[in-house]
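Q: Please take a close look at the cavities of this model and at the residues around them. I would like one connected account rather than a list.

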Amino acid sequence: MESLSNKKKVLEQKPLSFMERMYLPAIVKGMGITISHLFKKEATIRYPEVEREFSTNFRGMHSLKRDENGKERCTACGLCALSCPAEAITMIAAERKPEEKDLYREEKYAATYEINMLRCIFCGLCEEACPKEAIYLDGPIVPADYLRKDFIYGKDKLVEAPLEMKK
């Protein structure tokens, strides 16, 4: 079948020289590249011994913050759960009892607050959506584990320790 434009491109292949037929230049060039990699700086970081420096906008594990009086900032408004594209955050709100006045800022608080770290994509939208600045992604790297249930973090792992009161 002929082409419609009747334009043909004639390719001429020149014969290979003896050295090119022996593939010697290609082998020497490949060995040169391989040997040059021996003298370059290592690209890997030996993790347990040497820790990598993270950028200032690194998003690590979640943490629920407390205010200056040691009370939990989270008021269970649910905006973090609504803004999460992976639907990794679940919470159940409860009313504060009179004896819990020193624990929570508002009348409503999160009785259970869970984040599924396997679903979380560390986008930071929960941090931006929180009106009380209660949740931050400022923790370390999420540690590895063997069981899926161990990646569901509750308030026991997320709430930061209370501040010591100065007397």
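A: What follows goes through the cavities, then the residues beside them, and then the nonpolar core.

The model is a predicted one, and it holds 2 cavities of 30 Å³ or more. The largest cavity has a volume of about 90 Å³, and its lining is made up of 15 residues, with Cys-74, Cys-77, Cys-80, Cys-130 and Ala-134 lying nearest the centre. Sorted by class, this lining comprises 12 nonpolar, 2 polar and 1 charged residues.

The cysteines named here also appear in a database record: UniProt, in an unreviewed entry, places the feature "binding site" at Cys-74, Cys-77, Cys-80 and Cys-130. These positions span 57 residues in sequence, yet no two of their C-alpha atoms are more than 10.2 Å apart, so they gather at one spot. Cys-74, Cys-77, Cys-80 and Cys-130 are included in the lining of the largest cavity.

Two of these cysteines can be followed further. Cys-77 is found in the loop between S1 and H3, and it counts as partly exposed because its relative accessibility is 40%. Leaving out residues up to four places away in sequence, Cys-77 touches Lys-108 and Pro-131. Cys-130, by contrast, is buried, since its relative accessible area is 16%, which falls under 20%; it lies in the loop between helix H4 (125-129) and strand S4 (135-136).

Thr-75 has its place in the loop between strand S1 (63-64) and helix H3 (79-83), and it counts as buried because its relative accessibility is 12%. When residues up to four places away in sequence are not counted, Thr-75 touches Glu-106, Lys-108, Tyr-109 and Lys-132. Lys-108 is thus a contact of Thr-75 as well as a contact of Cys-77.

From Thr-75 the account passes to Glu-106, which lies in the loop between strand S2 (89-95) and strand S3 (108-116). Glu-106 counts as partly exposed, because its relative accessibility is 27%. With neighbours within four places in sequence set aside, Glu-106 is in contact with Thr-75, Arg-96 and Lys-132, and Lys-132 is also among the residues that Thr-75 touches. The C-alpha atoms of Glu-106 and Lys-40, which are 66 residues apart along the chain, are separated by 58 Å.

The second largest cavity has a volume of about 60 Å³. Its lining is formed by His-62, Cys-84, Ala-88, Ile-89, Cys-120, Ile-121, Phe-122, Cys-123, Gly-124, Cys-126 and Leu-137, and these residues divide into 9 nonpolar, 2 polar and no charged.

Ile-89, one of the residues lining the second largest cavity, leads to the nonpolar core. The largest nonpolar core has 23 residues, and Ile-89 is listed with Tyr-113, Ile-115, Met-117, Ile-135 and Leu-158 as having the most contacts inside it. S3 gives the most to this core, with 3 residues. Apart from neighbours within four places in sequence, Ile-89 is in contact with Cys-80, Ala-81, Cys-84, Tyr-113, Glu-114, Ile-115 and Cys-126. Of these partners, Cys-84 and Cys-126 also line the second largest cavity, whereas Cys-80 is among the residues nearest the centre of the largest cavity. Ile-89 therefore connects the parts of this account, as a lining residue of the second largest cavity, as a member of the largest nonpolar core, and as a contact of Cys-80.

Definitions and conventions
Residues numbered from 1 in each chain as written. Predicted model: local features only at pLDDT ≥ 70, side-chain atom pairs only at ≥ 80, totals over all residues. Heavy atoms only, no water. 1 Å grid on protein atoms, 1.4 Å probe; cavity = no way out; pocket = protein on both sides within 12 Å on 5 of 7 lines; lining within 4 Å. Points joined across faces, edges and corners; volume = space filled by probe spheres on them. Nonpolar A, V, L, I, M, F, W, Y, C, P; charged D, E, K, R; others polar. Helix = DSSP H or I, 4+ residues; strand = E, 2+ residues; numbered from the N terminus. Buried < 20%, exposed > 50% of the residue type's maximum accessible area, 1.4 Å probe, protein only. Contact = heavy atoms within 4.5 Å. UniProt positions renumbered as here; feature names shortened; annotations may be inferred. Core = buried A, V, L, I, M, F, W, Y, C linked by side-chain atoms within 4.5 Å.
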